[in-house]
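Reader: I am new to reading models of this kind, and I would like to learn how to go from a list of neighbours to a picture of sheets and helices. Could we go through one together, step by step?

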Amino acid sequence: MKQIWRLLDTGELPAADNMALERVILTARSCNLIPNTLHFLQFSPHCALVGYHQAVELEIEEDYCREHGIDINRRISGGGSIYMDEGQLGWEIFALKNTPGIPKRLDDMYRLMCESVVNGLSRLGIDARYRPLNDIEVGGRKISGTGGTEMGNALLYHGTLLTDFNVDTMIACLKLPLKKLEDKQIRSFKERVTCLKEVLGYVPPLPDIKKAMARGFAEVLNVELMPGALTGEEETLMTGELPKFRSAEWIRLPRVLQESNLTVADYKAPGGLIRVSLLIDHLRQRIKSAFITGDFFAYPERSILDLEAALKNSSSRPDDVRETVRRFFAGNDVQIPGVAPDDFYQALSLAIAAQSSNENNGGNNANR
Amino acid sequence: MQGEKNKEWNIPRGLLFDSSDCWLKITEETVVGLTDYGQSNIGDIIYLDFVPAGTVVRRGDRCGSIESGKWVGSLLAPISGIIVETNSEAKADPHKVNTDPFGDGWLYRMEPADRKEITHLMNLDAYKAWIQERISGKAKDAEIL
């Protein structure tokens, strides 16, 4: 007999309410007050969210957000900053860690959850696939990012599904490695994400999307979903948690010293120019994100996007960068005429060594 | 993880362990860290944070957070006591926990409140068995972190 899970849909809520609700449901699951739950959520007004350990001032264009009525808040889960508008659907799994069928190892658990989304998307006619570590993509372009956290004996794993998406607003409200790039390169960045509207040519009705996603989770996790509402205990917990998630103290939380510096470097390889744009934390020796363009030809085309994914949050120490690049090319069948793996290492090294070059990004930004 | 079953985990002698893959070196004070297996399961650690020194914790209380691969996990106190020092170098550079979990990558020092709690911890052989149990999938209540 299949386990019965709750299917919860709370509709559109402000960011603080949704963030508080995550804590509430996770607490309730941990205390065994509720069954395992699949939760759909949406955001209104639109918002920019940082990951649990991130610093708002390093990740979000706060002035832009203020001017455009974009809420700012902090997730309880990990990962990078994201922009959520009304055209995105959030999905979340709350479950006990020892739920049969949920792998104990993190990597395996990520894969299972992402495969559930892949299954759901296939019901909408979309050929998506899981991209390690935590993404779901269509034709090499990201359509859903995921992340998670835990409390006691319970876990939260969640993600966003881009249904219709205003990429210009995302670029404007998040500090991405794009400043000072030319229009052509910004267009190239936009091509790294996609949404249901772009893939299908239309946005299916939201109930249909939710139905497809719910079926995907039910099949992959081998559970039965029963629609349900928040319980009285959850409502009570929510009343207690909401003030915290609306407070500046929560939103400005991190005590971890960190930096975010934008650096750009060009490297001329025999097969063409490689332009590397990095957000880098020199203090913690991390490449926060990488954006690689140029006039070389990569086969398959998606390989550069995969290399960027491999570099995200990786160590910026020279030996580690060389190893990340080496491992990527060793593990992927990539053909780039006139460009060797070492050329990418050289380009990355130049960008890592370059001075922070973008006054719009605050130059050398630290949350000291 | 590929090849995990055949991997030899570094598990030094003279330490005690808890089920969340913390190691403890117990003298007058106690040093706590994450084991080689623990850091490997978590993966490349991106952020590390601790409660402030001076915080009193009970066994199982959250005394920090650890992030890898977009996952935020809890550091749980393996015994009750007072956190007397946290490793600021590891907090600034969490990579140390991956590369030197029993050395520079230690997490925090604490003053135990109740020495009897040490009986809840595992010795080397029991911890090795606990790792194997999880790798083989026999552990029913294994924690994700």
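Reader: Which residues does Phe40(A) touch, not counting residues up to four places away in sequence?

Author: Before the answer, please keep in mind that this is a predicted model, in which local features need pLDDT of at least 70, side-chain atom pairs count only at pLDDT 80 or more, and totals for chains, interfaces and linings use all residues. Residues are numbered from 1 along each chain as its sequence is written, while chains are lettered from A and ligands numbered from 1 in the order in which they are written. Two residues are in contact if their C-beta atoms, placed from the backbone, lie within 7 Å. Leaving aside residues up to four places away in sequence, Phe40(A) touches Asp9(A), Leu89(A), Gly90(A), Trp91(A) and Lys210(A). Phe40(A) itself lies in strand E2 (residues 37–43) of chain A, where helices (H or I, at least four residues) and strands (E, at least two) are DSSP runs, numbered from the N terminus.

Reader: Is Phe40(A) buried, exposed or partly exposed, and why?

Author: A residue is buried if 20 or more other C-beta atoms lie within 10 Å of its own, exposed if 12 or fewer, and partly exposed in between, with C-beta atoms placed from the backbone. Phe40(A) counts as partly exposed because it has 19 C-beta neighbours inside 10 Å.

Reader: How should I read a sheet, and which strands stand at the edges of the one with the order E15-E14-E13-E12-E16 in chain A?

Author: Strands of a sheet pair through backbone hydrogen bonds, either parallel or antiparallel. Here two strands pair if DSSP finds at least two bridges between them. The sheet you name is open, has 5 strands and shows antiparallel pairing. E15 and strand E16 (365–366) of chain A stand at its edges, each with a single partner strand, so one side of each is left without a neighbour in the sheet. Within the sheet, strand E12 (residues 259–269) and strand E13 (residues 272–281) of chain A are joined by 9 bridges, and Ala269(A) stands opposite Gly272(A) in E13(A).

Reader: Which strands of the sheet does H11(A) touch?

Author: H11(A) packs on the sheet by touching E14 and E15 of chain A, and its direction makes about 165° with that of E14(A); axes are lines fitted to C-alpha atoms, for helices over the stretch in contact, and angles run from 0 to 180 degrees between N-to-C directions. In this helix (residues 303–311), Ile304(A), Leu305(A), Leu307(A), Ala309(A) and Leu311(A) are buried. H11(A) is followed by Asn313(A), whose phi is positive, near 65°.
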